[in-house]
Amino acid sequence: MLILAIETSCDETACAVLENGSKVLSNVVASQNEFHKKFGGIVPEVASRKHIEAINPVIAEALEKAGKKFKDLDAVAVTYGPGLVGSLLVGLCAAKALAWSLKKPLIGVNHLEGHIYSNFLAVKPRFPFICLIVSGGHTLLVLMKDHGKYETLGRTRDDAVGEAYDKVARFLNLGYPGGPIIDQLAKKGDPHAVTFKKPMIEESFGYDFSFSGIKTAVTRLSGVKIEDLAASFQQTIVDTLIEKLIRAAYDKEIGRVALAGGVSANSALRQQLKERGEKEGLEVMIPPLEYSTDNAAMIAIAAYYRFKKKQFSALDLKPVASLKI
Ligand code: KG4
Ligand code: ZN
């Protein structure tokens, strides 16, 4: 059972081939970072054009690395939202053309679901669990009860976590994307050098988040060593995220928690959640590093569970920029 998946929701052109819902035969990710760097963020028009240039070579490379041909495929999966509409459209057109010409089912996948399913590239799915999705566009706390069954517990009221990292990095002229750069700098700094207020940590805020305040607070400081600033900013964010995730697990009496999304690549978040989970006796799922940031293997595995239930999409599937989970 072979699924080829395509992911173009943001600034990564990605294609993967997955065998029997468990073995990643190939996982090709062409990053556009070089082109967006000079703007300190993604330029949607540039992203669409770059996807058009990259899509066919990326698909060809994924098949070649997998040692498979188009005729070997059983289904074609694609991200149809949320994301930049022009970017999504490129992946969708390619996937539809493939599915139509091969006469194989098309499976549309929600990008956020894909992030959650990236965990199942490492461990077998077991339910229920509470998942913290932290990416460049989203910060969501979700209770996942079964395949396709979600209850959203909380979300950010302003910036997403990754967005706050990227904006702070841009303000400090550190480069793009900011997450990995601040993560590295933070390793050389003192996380207690500056005290930031943990945003919306009080129980009265429930499971909602806010990251624009701390972003502004960082940009107002001067005279602090950049490593200390990075470490203190990061520690405040990690503390806040872990606190809310663990609180939700206790409130809902669920002994299993998970991370997902690009910020789940953060070394401090991974390490500290692991330690906290051990201390609290909670099972912790963290996606393998290579599947944390945007990729198509996560889309393929989410599609695999849809394929098993014959949940196929029509060939007129449209991109949905603000698709919800
Ligand atoms: O999931 P993702 O690849 O794309 C979206 O769906 O948005 O997430 C990208 C975000 C960016 O904001 C990036 O700065 C952040 O993930 N990120 C990190 C790290 N690696 C990527 N944030 C903190 N620490 C990291 N190591
Ligand atoms: Zn993503």
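The exercises below, each with a worked solution, go through a predicted model of a protein chain with bound ligands.

**Exercise 1. Overall build**

Find how many helices and strands the protein chain has, and decide whether its radius of gyration agrees with that of a compact globule.

Solution.
- Step 1: The secondary structure of the protein chain comprises 10 helices and 10 strands.
- Step 2: For 325 residues, a compact globule would have a radius of gyration near 20 Å. The protein chain has 20 Å, so the two values agree.
- Step 3: The C-alpha trace spans about 60 × 45 × 30 Å along its principal axes.
- Step 4: Of the 325 residues, 53% are buried. The exposed surface of the protein chain is about 14000 Å², and carbon and sulfur atoms supply 52% of it.
- Step 5: Take the contacts between residues at least 6 apart in sequence: 73% of these join residues at least 24 apart.

**Exercise 2. The sheet that contains S1**

Work out the strand order of the open sheet that holds S1, and state which strands are its edge strands.

Solution.
- Step 1: The order is S3-S2-S1-S4-S5, an open sheet of five strands with mixed pairing.
- Step 2: Strand S3 (23-31) and strand S5 (106-110) are the edge strands, since each pairs on one side only.
- Step 3: From one strand to the next, the twist averages 20°.
- Step 4: Helix H2 (residues 44-66) packs on this sheet and touches strand S1 (2-7), S2 and S3. The direction of H2 makes about 25° with that of S2.
- Step 5: Look at one pair of strands. Strand S2 (residues 12-19) pairs with S3 in the antiparallel sense over eight bridges. Within S3, Lys23 is the residue opposite Glu19.

**Exercise 3. The sheet that contains S6**

Work out the order of the open sheet that holds S6, and explain why one side of S8 and of S10 is left without a neighbour in the sheet.

Solution.
- Step 1: Five strands form an open sheet in the order S8-S7-S6-S9-S10, with mixed pairing.
- Step 2: S8 and S10 are at the edges and have a single partner strand each, so one side of each has no neighbour in the sheet.
- Step 3: Ignoring direction, neighbouring strands here are turned by 25° against each other on average.
- Step 4: S6 and S7 are antiparallel and share six bridges. Cys131 has Val142 in S7 opposite to it.
- Step 5: Strand S7 (residues 139-146) also pairs with strand S8 (residues 149-155), in the antiparallel sense and over six bridges. Here Met144 has Tyr150 in S8 as its bridge partner.
- Step 6: The hairpin of S7 and S8 has two residues between the strands, and Gly148 in this hairpin takes a positive phi near 75°.
- Step 7: Helix H8 (residues 226-252) lies across S6, S7, S8 and strand S9 (256-260). H8 runs at about 160° to S6.

**Exercise 4. The zinc site**

Name the protein donors of the zinc ion (ligand 2), and state which parts of the chain His115 and Asp294 tie together.

Solution.
- Step 1: The donors are His111 (NE2), His115 (NE2) and Asp294 (OD), which lie 2.0 to 2.1 Å from the zinc ion.
- Step 2: The donor residues follow the sequence spacing H-x3-H-x178-D.
- Step 3: His115 belongs to helix H4 (residues 111-117), while Asp294 is in the loop between strand S10 (283-285) and helix H10 (297-308). The pair therefore ties together parts that are 179 residues apart in sequence.
- Step 4: His115 and Asp294 are both buried.

**Exercise 5. Two residues compared**

Decide for Glu113 and for Gly136 whether the residue is buried or partly exposed, and list what each touches beyond its neighbours within four places in sequence.

Solution.
- Step 1: Glu113 is placed in helix H4. Its relative accessibility is 7%, and because buried means under 20%, Glu113 counts as buried.
- Step 2: Beyond those sequence neighbours, Glu113 is in contact with Gly148, Tyr150, Arg306 and Ile325.
- Step 3: Gly136 sits in the loop between strand S6 (129-134) and S7. With a relative accessible area of 44%, Gly136 is partly exposed.
- Step 4: Beyond its own sequence neighbours, Gly136 is in contact with Ala160, Gly162 and Glu163.
- Step 5: Gly136 and Ala258 are 122 residues apart along the chain, and 18 Å separates their C-alpha atoms.

Notes: Residues are numbered from 1 along each chain as its sequence is written. Chains are lettered from A and ligands numbered from 1 in the order in which they are written. This is a predicted model: local features need pLDDT of at least 70, side-chain atom pairs count only at pLDDT 80 or more; totals for chains, interfaces and linings use all residues. Side-chain values use heavy atoms; hydrogens and water are left out. Two strands pair if DSSP finds at least two bridges between them. Helices (H or I, at least four residues) and strands (E, at least two) are DSSP runs, numbered from the N terminus. Axes are lines fitted to C-alpha atoms, for helices over the stretch in contact, and angles run from 0 to 180 degrees between N-to-C directions. Contact means heavy atoms within 4.5 Å. Donors are N, O and S atoms within 2.8 Å of the metal (3.2 Å for Na, K and Ca); water is not among the atoms, so sites may look incomplete. Buried means under 20% relative accessible area, exposed over 50%, partly exposed in between (1.4 Å probe, protein chains only). The radius of gyration is taken over C-alpha atoms; the globule rule is 2.2 Å times the number of residues to the power 0.38. Accessible areas come from the Shrake-Rupley method with a 1.4 Å probe; for residues, only the protein chains shown count as cover.
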